[in-house]
Amino acid sequence: DTSRASARSLVPMAAAAAAVSLTRRARRSLRGCLRWCVGSKQQRQDPVIGDKDDKPIGDRCYDFTCVLNNLAQRVRRQATIVSEGRVSWPGAIVPVQPPILRLRCSDLAVISGIFTKDIGRSFMKALYQDLPELKAADEAIVGQQPGLQELLGKSGQAEALREIIASSASTRDVEGPRAAKRAVVELIHTEGALSDDMTSAEVTSLWHEVSHAIAGEYGNEMEQSGLDDYATWSKRKLYGHQRFARIGLPQEGPEAAARSSFPELGKQCISELGAAGQVAGAPASPVSEEGAGRKPYLFISGHVDALADVPWAHPAALTADGELEDRETVVVEMKNRFTTSSYTRDTLIQRLGPVLQVCSYCRLMGLTRGELVDYTRQESGGATEMKVIDIDMSEGSAARELWDNHVLPRMYEFAQVIYHVRADDDLRRKVLSLSSNTIELQKLVFELCPYLLKRKLGGVIPAVLDSLVLRTLEREPAMETKS
């Protein structure tokens with residue numbers, strides 16, 4: 001009883017320690033240890049191995065003291081970091097493991113947990129980003145993990161598969177990638193076509209890698225064609241093709257980043273800045289004023305397909321010379337689609353990934369509007385379809401709320417996990433060993449990134465969907481006849 005009372009006297013100390021900025025996992029572990037040490041015999045359960053434990057109360061108090069000592073070390077380390085002004089956001093106890101992580105705007109929907117289908121691929125790219133020597137050293141220990149080229153070589157059908165990938169854009173319409181995917185499926189399911197040395201997991205990885213290659217080949221070939229049609233149909237002049245935008249996010253955390261790292265969103269015209277102008281008034285330094293003089297915690301970057309200047313006061317805002325009087329710049333993101341579909345709530349949810357990509361470009365460049373263009377060129381003789389989703393990123397909009405309050409904090413959480421795994425040799429090699437097993441790799445990433453399963457978006461997603469303005473661009477009759 002005396003030992004139990006002594007253990008319970010430690011509870012206020014533990015509660016005070018937990019009030020310091022610790023990760024959620026640390027707080028859950030602490031609560032589990034408290035229940036283990038001071039609970040009844042029926043409630044005692046080892047917080048680590050999960051088995052019932054009948055240790056004497058004195059031994060349990062000793063174990064709990066070890067837990068508190070470990071916790072105290074973490075608290076002291078966190079207090080030192082905060083007092084020195086290095087980090088002030090809760091949970092930022094994982095230092096940067098060089099090189100600084102660069103997140104692409106096109107990956108943010110995946111790493112923020114809105115879509116998790118390709119989380120394993122995104123995690124592997126981030127883990128060994130700019131670290132080819134480290135990856136080679138790890139592969140020398142766990143064995144080389146096959147990528148696309150290795151899988152093609154092992155399949156015994158490398159030349160045939162490369163020809164299929166190259167043919168995906170040969171017809172310059174959707175029939176090209178469709179036929180290419182059908183050919184891959186037929187080849188994979190043909191008995192004896194693939195090498196007997198390939199495992200089922202490697203065959204699955206081969207299918208995913210080749211599918212990504214087909215989509216990339218078609219998208220790259222058709223992007224300029226889609227932008228040309230968009231400029232003609234919308235009667236807009238496009239510029240800034242593949243313009244690069246990048247901002248460093250500070251170590252102070254997501255709140256500091258949202259407050260001072262990005263340019264103010266507003267109705268501005270980038271073309272008026274000139275070739276030497278900064279990107280839409282972005283700060284000269286890649287970090288916030290609060291983090292001045294320190295390296296950023298991570299970067300966010302991307303290449304914008306195109307920009308366009310549009311009237312914002314009213315459509316007829318023209319001068320006597322026919323120039324736009326009041327203009328703002330919008331981001332134009334072109335997506336080549338394999339199929340056409342009507343925009344319903346279900347289909348729009350699948351477009352949230354590209355929508356967030358456009359939102360990210362707007363945030364990086366200080367723009368309040370973006371347009372996601374779905375471009376589908378049907379097979380020979382079919383009609384070309386171009387649908388546009390207008391996205392509002394102004395202050396108080398649903399898309400702005402989703403990006404600032406959900407996507408931005410998840411970027412920090414993802415970076416923290418990446419830095420942690422980079423620093424842990426055993427864990428890093430375990431991730432690498434599973435890179436060819438899509439399902440097992442995804443399970444491990446979910447364990448490392450528990451936030452992926454805790455979306456807690458409430459009504460934000462429906463609000464974003466409701467805020468999207470949908471329209472279809474139509475060819476003029478003269479253009480249709482001419483074609």
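Two strands count as paired when DSSP finds at least two bridges between them. With that in hand, welcome to a set of close-ups of a predicted model.

**Figure 1. The protein chain as a whole, with 19 helices and nine strands.** Of its 483 residues, 45% count as buried. Take the contacts between residues at least 6 apart in sequence: 75% of them join residues at least 24 apart. The pLDDT of the protein chain averages 74, and 66% of the residues score at least 70.

**Figure 2. The three-stranded sheet, an open sheet in the order 1-4-3.** Its pairing is mixed. Strand 1 (101–104) and strand 3 (243–249) are the edge strands, each pairing on one side only. From one strand to the next, the twist averages 25°. Strand 1 and strand 4 run parallel and are joined by four bridges; within this pair, Leu103 has Ile300 of strand 4 as its bridge partner. Strand 3 and strand 4 (residues 298–304) run antiparallel, with seven bridges between them. Here Leu249 has Leu298 of strand 4 as its bridge partner.

**Figure 3. Strand 1 and the helix that lies across its sheet.** Look at how the side chains of strand 1 divide: Leu101 and Leu103 belong to its covered face, while Arg102 and Arg104 belong to the uncovered one. Helix 15 (residues 398–423) lies across strand 1, strand 3 and strand 4. Relative to strand 1, helix 15 runs at about 140°. Strand 1 is also a good place to study with confidence in mind, as its mean pLDDT of 95 is the highest among the elements of the protein chain.

**Figure 4. The six-stranded sheet, an open sheet in the order 2-5-6-7-8-9.** The pairing is mixed in this sheet. Its edge strands, strand 2 (238–239) and strand 9 (469–473), each pair on one side only. At the strand 2 end, two bridges link strand 2 to strand 5 (residues 306–311), and the two strands run antiparallel. One residue to find in this pair is Leu238, whose bridge partner in strand 5 is Ala308.

**Figure 5. Strand 7 between its two partners, strand 6 and strand 8.** Strand 7 (residues 369–377) is mostly covered, with seven of its nine residues buried. Six bridges connect strand 7 with strand 6 (residues 327–336), and these two run parallel. In that pair, Val331 has Gly370 of strand 7 as its bridge partner. Nine bridges connect strand 7 with strand 8 (residues 384–392), this time in an antiparallel arrangement. There, Leu372 stands opposite Ile389 of strand 8.

**Figure 6. Helix 14 (residues 352–365), a helix lying across four strands.** The strands in question are strand 5, strand 6, strand 7 and strand 8. Helix 14 runs at about 150° to strand 6. Its 14 residues reach 20 Å from the first C-alpha to the last, close to the 20 Å expected at 1.5 Å a residue. How many of the residues of helix 14 are buried? The count is 14 of its 14 residues. Just after helix 14 comes Gly366, which has a positive phi, near 75°.

**Figure 7. Helix 10 (residues 175–189) and its buried side.** Helix 10 has 15 residues and reaches 21 Å from its first C-alpha to its last, close to the 21 Å expected at 1.5 Å a residue. Its buried residues are Gly176, Pro177, Ala180, Val184, Leu187 and Ile188. Why do they lie on the same side of helix 10? They do so because they cover an arc of only 100° around the axis. A reminder that helps when reading this view: an α-helix has 3.6 residues a turn, so residues three or four places apart point the same way. The cover over the buried residues of helix 10 includes helix 9 (158–166) and helix 11 (200–234). On the face turned away from the buried side, look for the exposed residues Glu186 and His189.

**Figure 8. Stretches where the pLDDT is below 50, residues 40–55 and residues 476–483.** Helix 19 (residues 477–482) has a mean pLDDT of 36, the lowest among the elements of the protein chain. Over residues 40–55, the model has 20 contacts beyond near neighbours in sequence. For residues 476–483, the model has five contacts beyond four places in sequence.

Technical notes:
Residues are numbered from 1 along each chain as its sequence is written. This is a predicted model: local features need pLDDT of at least 70, side-chain atom pairs count only at pLDDT 80 or more; totals for chains, interfaces and linings use all residues. Side-chain values use heavy atoms; hydrogens and water are left out. The expected span of a helix is 1.5 Å times one less than its number of residues. Buried means under 20% relative accessible area, exposed over 50%, partly exposed in between (1.4 Å probe, protein chains only). The arc is that of the directions from the helix axis to the C-beta atoms. Contact means heavy atoms within 4.5 Å. Axes are lines fitted to C-alpha atoms, for helices over the stretch in contact, and angles run from 0 to 180 degrees between N-to-C directions. pLDDT is the predictor's confidence in each residue, from 0 to 100.
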